[in-house]
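The exercises below ask you to read a protein model from its overall form down to single side chains. Try each task with the structure open before you turn to its solution.

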Amino acid sequence: MIYLILGVCMNNIIEEVLKKIIESGYEAYVVGGYVRDLLFGNLSNDIDICTNATIKELLNIFNGKVNDYGSLNLKINDYNIDITTFREESSYENRRPTKINYINDLKKDLERRDFTINTICMDKDGAIIDYLGGEKDLKKKLIRTIREPIKVLEEDYLRILRAIRFATILDFDIETKLEASIMKKSSLVKNLSLYRIKDEISKILLSENYQKGLDLLKKYRIDEFLNLSYKHLVYTKDLCGMWAQIDFSSDFPFTKNEKNTIFKLREILDIGFINSEVIYKYGLYLSLIAGEILGIDVDLIYEINNELPIFKRQDLNITYMQIGEILGIKPSKIVKEVEESLIKEVLNKRVNNTYEELKKYIIFNKERWLKC
């Protein structure tokens, strides 16, 4: 089925890429997520283009990079464009087809894909090409596989998580036969790379409809198979803020920075409130994320932050060496403890941040510290 959607406007950059391929004597269409989202009135910067031109022929047209999946990748302004040759795929191993045949048939290329809503194409003039009923399923808000769902899931276990992700982000239902197949095959997700698992679940967590996704993971027992534990999550746009509310395996491939952020957020959540000491130690940004989860008014957090007498150790009007001199001791753990006590007193506005007041506080408590 081919028809023109009035009012749908393709970006000029994408149109130019299609034209270059076509002017070189080949077919070319935008396919999948970009078209699906465009029909929903949403714009995306990730573009998939399918063509009967081979990679070798495409490299004569564009200066791009060939990725691990045999597609040519182009980065143009904010757009990430992958161009793939029409293909047929036979048996799969470790999520990858063991045999690929490059073909000259758009429909057969579409038939190898996962869900009908990801098979809708658009040509350079904005005409929609829908051979497999994707547009009908879009209207019905249904996630449905092109072929027998069991076979589709067995080919690539990641499709189990992808079905849940699309159902979450689009707020669609999963078709009955597909749902039954997911229920039957959900344990297969244990065989997936943790990187792919993390990526799919992260996309679910970033959706404001995340609760539907989490409910589906529980419904199909995927949370058990992946050793994920969670109850009620409070939505925050910060991904680490979402993961901080989930118990997950230490093997999950978070970066050092992500792990550090999640750990700090969990510390604040365990404290259960935001005060001057929390903001001083963890910073305003993490305090705002944790405050959002804890249900603390954002204006209150900003107010506490704006009234902080110091923001970092260097703001304290006494040096480490001066503390030691006042105590009459060399640098030691005691000096560090006094320093931390001074910071706490200043943050809570019990001692003014002047050298004279800080020195007076040290002298007054000197005997207590030196007895330690």
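A residue counts as buried when its relative accessible area is under 20%, and as exposed when that area is over 50%. Keep in mind throughout that the model is predicted.

**Exercise 1.** Establish which residues of helix H9 are buried, and which helices they pack against.

*Solution.* Begin with the extent of the helix: H9 covers residues 194-205, that is 12 residues, and its first and last C-alpha atoms are 16 Å apart, close to the 16 Å expected at 1.5 Å a residue. Next, apply the cut-off of under 20%, which gives Ile197, Lys198, Glu200, Ile201, Ser202, Ile204 and Leu205 as the buried residues of H9. Then look at what surrounds them: the buried residues of H9 pack against helix H7 (158-170), helix H10 (210-219), helix H12 (239-243) and helix H13 (256-271). Finally, inspect the N-terminal end, where serine 193 acts as a cap, with a side-chain oxygen 3.1 Å from the backbone nitrogen of tyrosine 195.

**Exercise 2.** Trace how strand S5 is paired with strand S4 and with strand S6.

*Solution.* Take S4 (residues 65-66) and S5 (residues 72-76) to begin with: these strands run antiparallel and are joined by 2 bridges, and lysine 65 lies opposite asparagine 73 in S5. The two strands make a hairpin with 5 residues between them, and in its turn glycine 70 has a positive phi of about 75°. Now move to the pairing of S5 with S6 (residues 79-85), which is also antiparallel and extends over 5 bridges; here lysine 75 stands opposite asparagine 80 in S6. S5 and S6 likewise form a hairpin, with 2 residues between them, and asparagine 77 in that turn has a positive phi of about 55°.

**Exercise 3.** Decide why serine 276 is classed as it is, buried or exposed, and find its contacts outside its sequence neighbourhood.

*Solution.* Locate serine 276 in helix H14, which comprises residues 276-282. Its relative accessibility is 11%, and therefore serine 276 counts as buried. Once neighbours within four places in sequence are left aside, serine 276 is in contact with Ile304, Leu308, Leu347 and Asn348. As a further check on distances, compare arginine 266, which is 10 residues from serine 276 in sequence and 18 Å from it in space, C-alpha to C-alpha.

**Exercise 4.** Describe the surroundings of glutamate 339, including the polar contact of its side chain.

*Solution.* Glutamate 339 belongs to helix H18 (residues 333-347), and because its relative accessible area is 6%, this residue is buried. Not counting residues up to four places away in sequence, glutamate 339 touches Arg313, Leu316, Tyr320 and Ile323. With one of these, arginine 313, the glutamate 339 side chain makes a side-chain to side-chain polar contact at 2.3 Å.

**Exercise 5.** Work out how the radius of gyration of the protein compares with the value from the globule rule.

*Solution.* The protein has 19 helices and 14 strands. Its radius of gyration is 29 Å, well over the 21 Å that the globule rule gives for 372 residues, so the protein is more spread out than a compact globule. The spans of the C-alpha trace along the principal axes are about 85 × 45 × 40 Å. For burial, the share is 47% of the 372 residues, while the protein exposes about 19,600 Å², of which carbon and sulfur atoms supply 49%.

Methods
Residues are numbered from 1 along each chain as its sequence is written. This is a predicted model: local features need pLDDT of at least 70, side-chain atom pairs count only at pLDDT 80 or more; totals for chains, interfaces and linings use all residues. Side-chain values use heavy atoms; hydrogens and water are left out. Helices (H or I, at least four residues) and strands (E, at least two) are DSSP runs, numbered from the N terminus. The expected span of a helix is 1.5 Å times one less than its number of residues. Buried means under 20% relative accessible area, exposed over 50%, partly exposed in between (1.4 Å probe, protein chains only). Contact means heavy atoms within 4.5 Å. A polar contact is a pair of N or O atoms within 3.5 Å; within protein, one must be able to donate a hydrogen and the other to accept it, and residues adjacent in sequence count only if both atoms are side-chain atoms. Two strands pair if DSSP finds at least two bridges between them. The radius of gyration is taken over C-alpha atoms; the globule rule is 2.2 Å times the number of residues to the power 0.38. Accessible areas come from the Shrake-Rupley method with a 1.4 Å probe; for residues, only the protein chains shown count as cover.
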